[in-house]
Every structure is written in structure tokens, then in C-alpha cells.
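Please open the model in your viewer and keep the selection panel at hand. The stops below go from the interface to a sheet, and then to a helix beside that sheet.

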Amino acid sequence: MEILVCAKRVPDTSENEIELNGARNDIERDDLVYSVNEPDNYAVEEALQIVDRVGGKVTVVTVGSDEDEEILRREMAMGAHHGVLISDDAFSGSDGRGIAAILKAFVQTKHYDLILTGVQADDGCAQVGGMLAAMLDYPFASLVTSIEVLEGGKLKIGREIEGGNKEINAIDLPCVLSIQTGINEPRYVGMRGIRQVASVPIPTLGTPELGVDPETVGDRAAKVKRVDYFVPPAGRGAEMLQGSREETIDKLMDLLKAKGGLN
Amino acid sequence: MARIFAYIVHKGGIADDSAAELPVAAAKIDAAQPPTAPLTAIVTGWGADLDAVCESLRTGYAEIWKIAKEPLAYPNADVVRKALLNVLPRGSILLVPHAHFGVDLSPGLSIRMDVPYVPDVMEIEGMDGTSLKLVRQEFGGQVSAHVRCDISSGAVINIRPGAFRPAPTAAAGGKVVDKSADAGDLTAGRHYLETIAAEAGDVDISKQQVLVSIGRGIEDKENVGIAEELAEAMGAAVSCSRPVVDAKWMDKSRQVGSSGITVRPKVYLACGISGSFQHLDGIKGNPFLVAINKNPKAPIFRVADVGIVADILEFLPELTKRVLEEKSVSGSERRQS
């Protein structure tokens with residue numbers, strides 16, 4: 001099975017306190033720790049486990065710039081067979097629809113049986129996979145937490161729905177699935193693994209290779225535009241307990257006793 | 001202003017809470033009084049359940065468009081999308097709750113309708129010309145963003161559940177319009193097979209009065225014991241957020257959130273939990289919420305009653321020690337009296 005995984009390099013929100021820049025048109029990106037978007041990493045692991053069972057190859061693709069190549073190498077160190085960087089000045093400022101249009105053009109230059117994305121990335125939009133599927137006229141399912149390959153070009157998939165319940169579907173190949181975290185345990189990648197793929201060539205593809213109409217992508221074509229960032233209002237906001245550790249615990253103990261927290 | 005439709009999620013003949021929230025969002029898009037076009041609920045399904053839902057919507061919606069087809073008996077997004085495409089007038093604005101079904105349905109629907117898509121909207125600031133200004137969150141809820149979108153040719157907008165409080169409305173006395181004949185071909189490459197119910201765990205966290213809940217900040221499976229010791233001392237149970245289950249440090253039956261268990265404790269200690277909306281969605285009944293997190297910008301501090309900036313790996317053992325001391329003191333006081 002030929003599997004394509006769409007991945008993104010993002011600031012690691014578990015490692016960073018996100019601050020806004022002075023112009024409030026972006027976050028402060030100096031000194032941020034970047035990594036592969038966590039759900040995408042689960043998607044790559046799932047792809048690798050599928051080809052271990054039924055054979056095939058895994059390709060990881062990202063739309064970005066030169067510095068995004070590092071996540072492709074990381075996923076290749078995990079075992080992905082190919083990495084592809086899609087990069088072109090014409091692509092910058094694309095909205096989700098633009099990114100999906102670029103990926104569609106790439107998919108049409110090859111043949112993939114299965115396309116995986118992570119469930120969502122740093123912008124929390126959870127949109128590119130579903131858009132790509134619609135553009136390709138492939139079936140789509142989101143929040144996938146299990147995949148079983150059936151006979152006759154089908155998969156049996158589980159989706160996470162409300163209340164810890166799981167929805168089971170049969171879906172025809174080729175299809176697009178968005179992968180939820182927790183579907184598997186992504187393998188560890190050491191520095192040694194990264195070094196081993198350090199010199200593997202990664203092709204960079206742009207407008208000419210993909211045949212994308214520049215009018216349909218990038219900032220000018222974006223229909224949904226971010227105006228600015230702002231710090232969310234505090235709401236009622238927590239009363240922050242200050243002071244030494246002992247004082248903090250004193251205050252907390254009093255509150256817990258009053259609220260019935262100690263039984 | 002294009003006509004606004006609200007997609008109604010329902011189950012067992014009962015409309016989801018979002019059915020009462022979408023009209024509030026719609027009124028912020030079409031702010032004219034009365035609205036320039038009647039707000040219309042669009043409901044897909046089959047049988048008596050569908051009829052019951054349509055009937056229940058008559059108080060909140062001016063019109064209810066019913067699409068009754070057997071392939072729509074279970075809401076398979078690939079099938080529902082086809083029905084909506086055939087029934088929705090060109091240029092419509094469709095509001096959808098941003099939960100598991102909306103995430104499945106909407107991105108592809110926007111492509112097929114050739115309209116913009118705005119996901120997970122938490123506030124709508126209103127129109128500026130033909131542009132709608134909306135608020136979303138990014139980076140795990142650490143920052144908010146204004147986004148702008150031209151909706152003059154229609155749009156699909158996913159609304160965050162719980163973000164728009166239902167307002168009491170005069171009974172709309174809506175009429176049910178049967179649009180089933182327009183649904184068209186509903187064959188799809190995806191077929192619903194069955195739903196597997198969540199497995200019960202050793203502890204039913206939905207019944208606990210006090211929860212010590214741990215998140216990514218617990219850092220390692222070996223550290224889960226720190227929370228268990230505190231819970232034991234407090235007479236509480238340990239629950240957790242999604243990353244802890246993803247890492248297989250705790251069982252899925254301990255996960256609080258929209259994709260896990262809904263809890264109603266009196267006291268909830270959120271330890272090393274950032275506070276995603278999916279997690280908060282699982283905490284009901286307005287408990288006394290204590291947040292302990294080393295990141296002072298963690299979104300959990302915006303909703304907690306009390307916040308402590310600390311590393312839970314240091315803080316929790318100290319708190320446990322203190323709770324145990326307190327118990328032994330009050331125990332000996334009781335013995336003396």
C-alpha cells in the first residue's frame with residue numbers, strides 16, 4: 001500500500017509559553033522549540049505499522065520552507081521511506097483551502113492508496129484532510145483511532161466520538177483519514193537515527209513541478225484571513241495563590257476544607 | 001444577507017445542546033431585527049426519532065427543513081454532506097457545531113459548496129461590509145485570533161459547543177418543511193457499521209465528589225503514583241486529560257473530556273493540565289476548580305477558581321504530606337475529645 005502522510009512543523013505548545021509579537025500579527029517566534037505536530041507523528045507511526053503488515057511505502061510531505069525539512073528527516077528516521085518538501089514563495093499565506101489545493105496537485109502527480117493527516121495542527125482548524133478528500137472526491141473520516149486493512153480495497157476504521165464511544169466504519173480506498181492521538185505508540189527517534197538519514201536527498205517541489213495555478217493559492221487567494229492575535233480575556237480568572245510554598249499550601253488547605261475537598 | 005441554516009446534531013430523538021446555541025451565533029451574523037431571512041434548522045435522519053427532533057425545534061426556529069432518508073438513519077458525514085449539497089440553496093451560510101461530526105462534515109462541504117470555511121468559532125463580532133469578523137483560538141488556546149471572511153457568497157462556519165449561551169426566545173412557532181425529495185443520490189464510499197460503547201474502568205470517575213486530575217505535566221508514567229498518593233490522602237480519585245491516556249499512562253476510563261467521561265465533582269484539582277476546551281467540556285456542575293500548572297499562561301487559569309503556578313512534581317507530594325499531617329492531627333483531636 002502506498003501511503004502519504006501530510007505533516008507540519010509547529011511550535012511545541014507543551015514546551016513553550018506562547019507570547020504575541022509587538023505588531024500582534026504573529027506570535028513571538030524567537031527561541032521557540034519546534035517539533036513535528038504531535039498528531040502527525042501518530043499518523044506516520046500508523047502508516048509504518050500498516051506497511052509492516054501489508055507491505056508498501058510511506059511518504060511524508062510538508063508544505064513549508066527550508067527549515068521545515070527537519071521534520072521530514074525526523075519522520076524518515078522513524079522509518080518513512082520518502083520525504084517531500086513543497087515550497088514556493090507563491091504558496092505563502094495560503095489558508096487551509098490553499099494548502100489542500102497544493103496537496104491535491106502533489107497527490108495527482110503520484111498514486112497513493114491512503115492519505116493520512118494528523119487530526120489538527122497548531123491553528124486548531126482540523127480542516128486540510130477533509131478539504132483534500134473533497135477536492136479528490138475520496139471518502140474521508142476524521143478522528144480515526146484504529147485502522148484495519150480489509151480485502152477488496154477497503155479499510156475498517158474506528159473513530160472517536162463522544163463519551164469514549166467508538167464509531168466503526170468501512171471505507172473504500174483510496175481515502176483520506178485524519179488520525180487522532182493515542183491510536184498507537186509512536187516509536188522513539190534517537191540522534192543516531194536522524195544522523196542516518198541526514199544525507200538522504202529530499203526533493204523540493206514548487207509551482208512548476210506541481211502545475212498549481214498561483215492564482216488559486218497563497219495570500220491573495222485566501223478567503224479566510226487572520227486580522228490579528230490577542231491575549232484571550234481572563235474571564236472571571238483564577239485567584240492566584242501567592243507567597244512561599246508553605247503559605248500557598250496553607251491557603252489551599254483552608255479552601256479545600258471549606259469546599260469539601262478533604263474527606 | 002444570505003439565508004442562514006443551522007445543522008442540528010441529534011441522537012435518540014433529542015436535539016444536541018448546540019441546537020439552542022446556533023441561533024445565538026446566527027443572530028450575531030444577521031443582526032437585523034427581525035432577521036432579513038428566517039433562521040432555518042436543517043435536520044437529517046430517518047423515522048420517528050427525526051420527527052421528534054423536528055417537532056422539538058419548532059420553538060427555537062422559524063423554519064425546520066427535514067431530510068428523511070433511510071441512508072441518513074446514522075449520521076455518516078460522507079452521506080449527510082451529499083444530502084446537504086443537494087438541498088441547501090446556493091450562497092447559503094451553514095452553521096455546524098464543532099464536535100466530532102462537524103469536524104467530519106464541514107471542511108469537505110465547504111469545498112463542494114465552493115464557499116469559505118471557518119472552524120471552531122468562539123465569538124462573532126459582526127459584519128463589516130460583506131466581511132464577517134470572528135474569534136478563534138490557536139496554539140492550544142494560549143492565544144486568540146480575529147479572523148475575517150467574506151460571506152457574501154455563502155460560508156460554512158463551525159461553532160464551538162458551549163461558546164454561545166442560549167438566550168430565552170419568544171416561541172418561534174416554526175413550520176416543518178419536508179425537503180426529502182431533494183436529497184438526491186446518497187451513495188458513498190464510507191459505511192457506518194456499529195458503535196462500540198466505552199469500556200467501564202475500575203473506578204467510575206463520573207460519580208466522584210473530589211478528583212485529582214493529571215495532565216501532560218505529570219511527565220512520566222512513574223509519576224502517576226504522586227497523584228494517586230494525594231488522591232488517597234484526600235479521599236479522592238485520580239482522573240486525567242487526553243495526553244495521559246494517549247501516552248498509555250492511565251486507562252481511557254479515567255479521561256475527562258468531550259471524548260472521554262463527563263464528571264460532576266464538588267472539587268476538581270487540575271494538575272499539569274493546560275485546559276483545552278475539549279477537556280473543560282467534560283467538567284460539569286460548576287465544581288470548585290483548582291489549577292496547578294508551571295506555565296502561568298496556561299488557559300486553565302482563565303477558568304479556574306484558584307490558581308497556583310508550580311511544578312506539580314514538587315507541589316503534589318508536599319500537599320499530600322500536609323493533608324496527611326492534617327488528618328493525623330484531626331484524628332488525634334477526635335480521639336482526645
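Begin by selecting chain A and chain B together: across their interface the rule finds 14 salt bridges, a salt bridge being a side-chain nitrogen of Lys or Arg within 4 Å of a carboxyl oxygen of Asp or Glu. One of them to display is the salt bridge between B:Asp114 and A:Lys223, whose closest N and O atoms are 3.7 Å apart. This is a predicted model, in which local features need pLDDT of at least 70 and side-chain atom pairs count only at pLDDT 80 or more, while totals for chains, interfaces and linings use all residues. Residues are numbered from 1 along each chain as its sequence is written, chains are lettered from A and ligands numbered from 1 in the order in which they are written, and side-chain values use heavy atoms, with hydrogens and water left out.

Next, widen the selection to the whole interface, where 82 residues of chain A are in contact (heavy atoms within 4.5 Å) with 85 residues of chain B. The two chains bury about 7,400 Å² between them, 54% of it on carbon and sulfur atoms; this buried area is the accessible area (1.4 Å probe) lost on putting the two parts together, summed over both.

Now colour chain A by its helices and strands, which are DSSP runs (H or I, at least four residues, for helices; E, at least two, for strands) numbered from the N terminus. Select S12(A), residues 224-230, together with strand S10 of chain B, residues 143-150, and you will find them paired in the antiparallel sense over six bridges, where pairing requires that DSSP finds at least two bridges between two strands. Along this pair, A:Phe230 stands opposite B:Ser144, and A:Arg226 stands opposite B:Val147.

Then add the remaining strands to see an open sheet of four, in the order S12(A)-S10(B)-S9(B)-S8(B), with antiparallel pairing. S12 of chain A and S8 of chain B (123-128) stand at the edges, each with a single partner strand, so one side of each is left without a neighbour in the sheet.

Finally, select helix H1 of chain B, residues 18-29, which lies across S8 and S9 (131-138) of chain B and runs at about 25 degrees to S8(B); the axes are lines fitted to C-alpha atoms, for helices over the stretch in contact, and angles run from 0 to 180 degrees between N-to-C directions.
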